[in-house]
Amino acid sequence: PEKKLWGGRFTGKVDPLMERFNESLPFDKRMWREDLQGSQAYARALAKAGVLTEDEAQSIVQGLKEVGKEWESDSFKIKAGDEDIHTANERRLTEIIGSVGGKLHTGRSRNDQVATDTRLWLKNELKGIQQHMADLLKAAIARAEAEVGVVMPGFTHLQPAQTVRWSHWLLSHAAAWQRDMQRLADLLPRVSMLPLGSGALAGNSFGVDRRSIAQDLGFDGVCPNSMDAVSDRDFVLETLFFSALHLTHLSRWAEDLIIYSSGQFKFVQCSDAYATGSSLMPQKKNPDALELIRGKAGRLQGNLAGLMAVMKSAPTTYNKDFQEAWELMFDSVDTLSACVRIATGILSTIKINPERMRSGLSADMLATDLAEYLVRKGVPFRETHHLSGAAVKLAEDRGCTMFDLTHADLAQIHPMFEEDVVEVWDYDRSAEQRDTEGGSSRRSVLQQAEKLKDFLSEQ
Ligand code: ARG
């Protein structure tokens with residue numbers, strides 16, 4: 001019969017259902033590498049503190065490497081009683097090296113161990129995501145620069161508003177993604193704090209040098225309070241928030257493209273690599289990848305709300321409720337990582353139709369420009385807004401576009417409308433007029449791209 005790691009004071013048997021209810025190995029085994037790394041560093045620290053002899057530490061480190069080989073080659077045999085990755089690894093270590101393996105856990109608890117493993121795991125994953133986000137940003141910048149000549153309708157309330165550049169739209173999303181990258185860079189140092197050496201809650205009585213463990217494992221610092229160190233899951237919450245927010249941004253980007261790729265718009269067409277067909281309707285090409293991004297954003301918001309709810313009433317230090325964090329963490333990180341890479345693929349391959357974008361522009365989208373024309377002749381804007389509105393209405397009443405209004409028609413609305421008013425009827429000029437920093441002129445847009453490139457080169 002298997003012996004539980006913590007079984008000393010127990011005489012009764014655990015309900016088999018409870019056994020499965022309690023175990024986290026099915027999902028936390030993916031942190032086997034981090035668990036072994038943490039244990040190796042801890043064994044070295046115990047030797048430095050004089051708790052283990054050099055030989056004992058050597059034997060433990062060597063044994064942990066053997067365990068790693070088994071995981072690596074998929075030959076690690078999970079046994080009944082392997083409750084989580086920590087107990088499984090320690091059980092196997094002791095089988096391989098004998099009872100000296102039992103010295104490894106001296107002064108350590110699974111409470112500081114699990115927090116160490118997950119921080120180690122998360123740190124690496126987040127660095128991967130950082131790279132994927134940089135790739136996405138690069139793809140957006142490259143397109144924005146290459147296609148800066150393309151103009152399209154800009155919308156507010158999804159109603160046609162003003163002429164903008166396609167590149168301006170692209171970089172509007174890139175601007176949000178850049179902030180997300182800043183958020184990630186900001187939270188990483190808080191993930192990168194070492195809990196090990198906190199014990200179950202009260203600290204470590206064997207004098208292990210936490211700073212050198214931190215260095216050994218590549219952490220930026222040590223958690224400042226042992227009770228907090230085993231209590232804190234806010235590094236997961238921050239990650240879940242960051243993931244949910246970045247995916248919310250990607251979802252809005254996806255939503256725009258879903259609209260732009262619809263039959264009524266046809267501004268863009270997804271490449272075959274990121275679309276699917278219908279089992280019934282042969283003509284269909286559906287933007288499934290974009291829809292999945294949009295859908296998964298909802299799930300990641302749920303993960304955040306879920307863990308917030310788990311945490312809010314937990315008393316200080318460790319509670320088993322915290323085990324609920326890991327599946328949410330794995331799911332959010334995996335989902336985000338996939339979405340960012342898929343988004344980069346979509347963004348780099350989507351075909352645009354500049355003619356359709358241009359034909360989506362309509363004369364009334366120059367009504368603001370018409371008002372500003374009069375402003376430049378000295379008429380107060382509040383009046384020009386009305387006067388331009390009158391031109392919109394006149395065209396509407398006549399069933400024509402504003403382009404069809406003659407100079408005489410406009411002069412009747414206001415004498416300041418002169419011959420040169422025809423210059424207003426030019427979409428490219430309209431975009432070019434917005435030449436202040438952040439605007440839609442070619443210069444402004446290219447400047448935005450330049451700044452993003454500077455940002456990336458500083459990463
Ligand atoms: N599997 C546990 C978790 O993920 C490890 C920590 C267990 N600690 C304890 N005191 N039972 O939270």
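Here is a quick tour of how this chain is divided, how two of its domains meet, and two residues with unusual backbone angles. Keep in mind that this is a predicted model. The chain's domain assignment gives domain 1 (7–103), domain 2 (110–206 + 219–359) and domain 3 (363–443).

**Where domain 2 meets domain 3**

- Going by C-alpha atoms, the centres of domain 2 and domain 3 sit 41 Å apart.
- Ten residues from domain 2 and eight residues from domain 3 make up the contact between them.
- On the domain 2 side, strand S1 (151–156) and strand S2 (159–165) each chip in at least two residues.
- S2 gives the largest share of that side, with six residues.
- Sorted by class, the domain 2 side of this contact holds six nonpolar, three polar and one charged residues.

**Two residues with positive phi**

- Some background first: most residues other than glycine have a negative phi.
- Leu158 goes the other way, with a positive phi near 60°.
- You'll find Leu158 in the loop between S1 and S2, the two strands that help form the domain 2 side of the contact with domain 3.
- Leu158 counts as exposed because just 8 other C-beta atoms lie within 10 Å, and the cut-off for exposed is 12 or fewer.
- Thr317 isn't a glycine either, yet its phi is positive, at about 70°.
- Look for Thr317 in the loop between helix H11 (288–311) and helix H12 (324–349).
- Thr317 has 18 other C-beta atoms within 10 Å, so it is partly exposed.

How values were computed:
Residues numbered from 1 in each chain as written. Predicted model: local features only at pLDDT ≥ 70, side-chain atom pairs only at ≥ 80, totals over all residues. Domains from an automatic or database assignment. Contact = placed C-beta atoms within 7 Å. Helix = DSSP H or I, 4+ residues; strand = E, 2+ residues; numbered from the N terminus. Nonpolar A, V, L, I, M, F, W, Y, C, P; charged D, E, K, R; others polar. Buried ≥ 20, exposed ≤ 12 C-beta atoms within 10 Å, placed from the backbone.
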